[in-house]
Amino acid sequence: MNPTTSASPTDPTAPSAPDAEEIATEKTATEKTATEDTATEDTAFDTGKADSKGADGADDGAGEALAETEDLDPDDFDDPAKEPSGLGAAASAVAAAALGVVALTGSWTGKFAAERETLIGQIKTSSNSTAAQQISEIYGDAWHSTALVNGLFALLALLAGVFALVRPAFGAPSAHPQPGWVRAVATAGIALGVLGLVISIGMYFDLIVPLPTAGAAQ
């Protein structure tokens with residue numbers, strides 16, 4: 001046998017060169033698998049992003065709906081800062097009752113006005129003045145001044161009582177009704193004011209007690 005003779009192509013011990021077609025097939029399968037994995041990851045990322053956007057949109061929609069509900073249905077009665085305290089109406093009712101009492105009993109203001117008119121009448125009249133003139137200047141003017149002052153107090157009592165009763169109809173509404181004692185005191189003040197006003201008008205025009213005359217004085 002010739003030792004220089006090359007091995008037969010069919011010799012099983014000789015290494016065979018890799019088939020080019022098989023290498024290309026394996027390369028194509030590897031690239032295809034990598035592409036599928038990348039597409040799967042992109043799809044999962046897009047799905048998670050869409051779910052996150054949907055959750056954020058749902059939260060934003062719920063917040064907007066809640067804000068619109070609060071704007072459409074304001075509850076002013078639950079806010080103590082906006083609810084009126086009723087202090088003004090109560091003070092007006094008490095003031096009306098007090099002014100009504102003053103209008104009926106008199107005040108230092110009326111007494112001062114009466115004394116002033118008496119002094120002015122004494123200055124105006126002289127020794128040769130008639131009795132009727134002295135009565136009118138000294139007594140009549142002082143009586144009328146007292147009636148005028150009492151009438152002003154009665155009018156103030158009437159106005160304060162009316163304000164106390166009609167105050168809840170103006171301004172911000174209140175969830176609580178006006179206390180009963182406020183209405184009672186305001187009504188009493190109005191009654192006293194009306195009575196004092198009627199008496200003052202009668203005194204001023206000499207309807208209740210007329211001025212004395214010169215014949216009765218003699």
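This passage looks at one helix and two nonpolar cores in a predicted model.

Helix H3 is a good place to start. It runs over residues 108–124, which makes 17 residues. From its first C-alpha to its last, H3 reaches 24 Å, close to the 24 Å expected at 1.5 Å a residue. Five residues of H3 are worth picking out as buried, namely Gly110, Ala113, Ala114, Glu117 and Gly121. Seen down the axis of H3, these buried residues fall within an arc of 100 degrees, so they line one face of the helix. The spacing fits a simple rule: an α-helix has 3.6 residues a turn, so residues three or four places apart point the same way. What do the buried residues of H3 pack against? Their partner is helix H4, residues 131–166. Over on the other side of H3, things look rather more open, with Trp108, Lys111, Phe112 and Ile123 exposed.

Next come the cores. The largest nonpolar core is made up of six residues: Ala89, Ala90, Ala93, Ala164, Val182 and Ala186. Two elements, helix H2 (87–105) and helix H5 (180–204), each give two or more residues to this core. H2 gives the most, with three residues. Ala89, one of the core residues, touches Ala164 and Val182 and also Arg167 and Gln178, leaving aside residues up to four places away in sequence.

A second core, separate from that one, has five residues, among them Ala103, Ala113, Phe153 and Ala154. Ala113 brings the story back to H3, where it is one of the buried residues.

Key:
Residues are numbered from 1 along each chain as its sequence is written. This is a predicted model: local features need pLDDT of at least 70, side-chain atom pairs count only at pLDDT 80 or more; totals for chains, interfaces and linings use all residues. Side-chain values use heavy atoms; hydrogens and water are left out. Helices (H or I, at least four residues) and strands (E, at least two) are DSSP runs, numbered from the N terminus. The expected span of a helix is 1.5 Å times one less than its number of residues. Buried means under 20% relative accessible area, exposed over 50%, partly exposed in between (1.4 Å probe, protein chains only). The arc is that of the directions from the helix axis to the C-beta atoms. Contact means heavy atoms within 4.5 Å. A nonpolar core is a set of buried Ala, Val, Leu, Ile, Met, Phe, Trp, Tyr and Cys residues joined through side-chain atoms within 4.5 Å.
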